Amino acid sequence: MQRWACLALVAEALTTHAEIKADGRVAGTLISQACVPGTHEPDGSHRHCRPWTCDNGQKVWGLHRRERREIHDWTDAEFAELAGLFRRLKKVDFRRKPAKVYPGHFGFDEEEHPELKGDLGTSYVAFTERHLHSHHAHMSDDFLPWHRRILADMETQLQIMSGDCSLTLPYWNWGYDADNFATSVVFTEKRYGSWKGGCVTDGIGGKFDYFNDCLIRDPPKVEDANRNFPSWSYMEKVLQHRTKDFRGVSQSIEVDFGHNCFHCTLNGYMLTHMSTRDPIFWLHHGMIDHMWTYWQNFHQDNTTLVTGCGSCSELPDFGGPATNWVSAWDKTQGCVPLPKEKPYMCVAYAEAKFFKQKFPQGQPERAAGRCTCGGDLNVVNLQRAGKPVPDQELVNPDHRSLHPERQARQLHRGPWTDHEGHIRGPEHEHM
């Protein structure tokens, strides 16, 4: 008997003069419709994993709390379970329609692939396809809310597969690992694969093949990667005191703090709009959302500030406005209720216990230097691996332009305030 069906059966028995028979039937006379507190099953509906309490016999629905933990605080056994779920999802036939439509399901681009008429459903390829067409969600005000939404959808799908409402995606605070980026436990066979170029052969993405192409990375030398990122102590100070508007924090996270540099450092598919093919994408964007959530929490008393979204637009990939994923921090629950309209989850990030113990007196502060990218994977490493070179137009040029001044000249969203308090943007550049 499924766990959730069993819990429902017990709840039914508690409201009756009843006994549960061997065949699973409930015998007895119902004496009341008394409400029994519980939790909804992980089914992807609007009540997915939501707890309820009781008031005068009626269910009062709460929000599903999702507290994501830093990757160093995961045990090997916990991570092995997560890796198994990713591999199961990877094997899902993307030509299969889903059994039910839930808030995170994706549709396939039928104009580009008419032979695959219908819905991709909830396969790993579906998530990859969605990001492949997300050009509007980079170097724009949609960047943070769009990626927050796709993170939530992946998490929901993994909870459905596992039947575990407590399962969340991990995040990696690479700011704490800035001096040891390439030698972090993240890049080992028990996590996201060894630090090497070519096909990924171990870790969670080991032997992830896509239409006969292997998953490839082409990182730089260890010593170069270990100089690419700022310390968390530096980023924390910027998020607390220097970034004064949504556009500024979005730009700081995407450009100055390492979003683009992370993609460029690993190179490979991470340097293309197919970056979701690499499972480390989800770890990386957990940190991106963590920084935004941290900023919202720190400035929680300024609701207007933390719910601002610049010139956010509709999210055509998902339906609904981007602003629906820019909720204010809830002081009582200690998390961000999502979506803003009719929320069903509340997202928070647990403190990085491992690093708090490593830096009991605080971490030395360090700003990032100029980013040293990996090799030109899209030609060199694919050829080295004996694989076809992907269409060059799929390469995301935004991930190549890493210097803030060059990034600013490419913006089409108007001026923004950088972390030093200066007004930036095309019309404000004099270089």
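S313 is found in the loop between helix 10 (303-306) and strand 11. This position, in a model that is predicted, serves as the starting point for a walk through the structure. At 35% relative accessibility, S313 counts as partly exposed, because that category covers values between 20% and 50%. Leaving aside its neighbours within four places in sequence, S313 is in contact with D142, P321 and A322. One of these contacts can be followed to particular groups: the side chain of S313 makes a polar contact with the side chain of D142, at 2.6 Å. The C-alpha atom of S313 is also separated by 8.1 Å from that of D141, although the two residues are 172 residues apart along the chain.

D141 leads to the next topic, the pairing of charged side chains. Side chains of opposite charge can pair when their charged atoms come close. The structure holds 16 salt bridges, and three of these pairs may be followed here in turn.

In the pair of D141 and R247, the closest N and O atoms are 2.7 Å apart. D141 lies in the loop between helix 3 (124-132) and helix 4, while R247 belongs to helix 7 (residues 246-256), so the salt bridge ties together parts that are 106 residues apart in sequence. Are these two partners buried or exposed? D141 is buried, with a relative accessible area of 2%, and R247, at 16% relative accessibility, also counts as buried. Both assignments follow because buried means a value under 20%.

A second salt bridge joins R191 to D76, with 3.0 Å between the closest N and O atoms. R191 is placed in the loop between helix 4 and strand 7 (198-199), and D76 in helix 2 (residues 76-90), so this pair connects parts that are 115 residues apart in sequence. R191 is buried, having a relative accessible area of 5%, whereas D76 counts as partly exposed at 42% relative accessibility.

A third salt bridge is formed by D179 and R366, whose closest N and O atoms are 2.6 Å apart. This pair links distant parts of the chain: D179 is in the loop between helix 4 and strand 7, and R366 is in the loop between helix 11 (353-358) and helix 12 (380-384), 187 residues apart. At 24% relative accessibility, R366 counts as partly exposed.

Salt bridges may also join into a network, and R66, R68, R148, E155 and D289 are linked in this way. Strand 6 covers residues 64-68, helix 4 covers residues 143-162, and helix 9 covers residues 280-298. These elements lead to the sheet.

Three strands form an open sheet in the order 6-12-11, and the pairing is mixed. Strand 6 (64-68) and strand 11 (336-338) stand at the edges and have a single partner strand each, so one side of each is left without a neighbour in the sheet. From one strand to the next, the twist averages 30°. Strand 11 and strand 12 (residues 345-349) pair in the antiparallel sense over three bridges. Within this pairing, M345 in strand 12 is the bridge partner of L338.

Two helices lie across strand 6, strand 11 and strand 12. Helix 4 does so while running at about 105° to strand 6, and helix 9 does so while running at about 95° to strand 12.

Helix 9 is also part of the account of the nonpolar interior. Which residues of the largest nonpolar core touch the most other members? Of its 86 residues, they are L158, W282 and M291. Helix 9 gives the most to this core, with 10 residues. The surroundings of L158 can be listed: not counting residues up to four places away in sequence, L158 touches L82, L85, F86, L89, L167 and L169.

A further set of strands completes the tour. Strand 3 (residues 38-39) is joined by two bridges to strand 4 (residues 51-55), and the two run antiparallel. Here P51 in strand 4 is the bridge partner of T39. Strand 4 is joined in turn by four bridges to strand 5 (residues 58-61), again with the strands running antiparallel. In this second pairing, K59 in strand 5 is the bridge partner of C54. The hairpin of strand 4 and strand 5 has two residues between the strands, and N56 takes a positive phi near 55° there.

Definitions and conventions:
Residues are numbered from 1 along each chain as its sequence is written. This is a predicted model: local features need pLDDT of at least 70, side-chain atom pairs count only at pLDDT 80 or more; totals for chains, interfaces and linings use all residues. Side-chain values use heavy atoms; hydrogens and water are left out. Two strands pair if DSSP finds at least two bridges between them. Axes are lines fitted to C-alpha atoms, for helices over the stretch in contact, and angles run from 0 to 180 degrees between N-to-C directions. Contact means heavy atoms within 4.5 Å. A salt bridge is a side-chain nitrogen of Lys or Arg within 4 Å of a carboxyl oxygen of Asp or Glu. Buried means under 20% relative accessible area, exposed over 50%, partly exposed in between (1.4 Å probe, protein chains only). A polar contact is a pair of N or O atoms within 3.5 Å; within protein, one must be able to donate a hydrogen and the other to accept it, and residues adjacent in sequence count only if both atoms are side-chain atoms. A nonpolar core is a set of buried Ala, Val, Leu, Ile, Met, Phe, Trp, Tyr and Cys residues joined through side-chain atoms within 4.5 Å.
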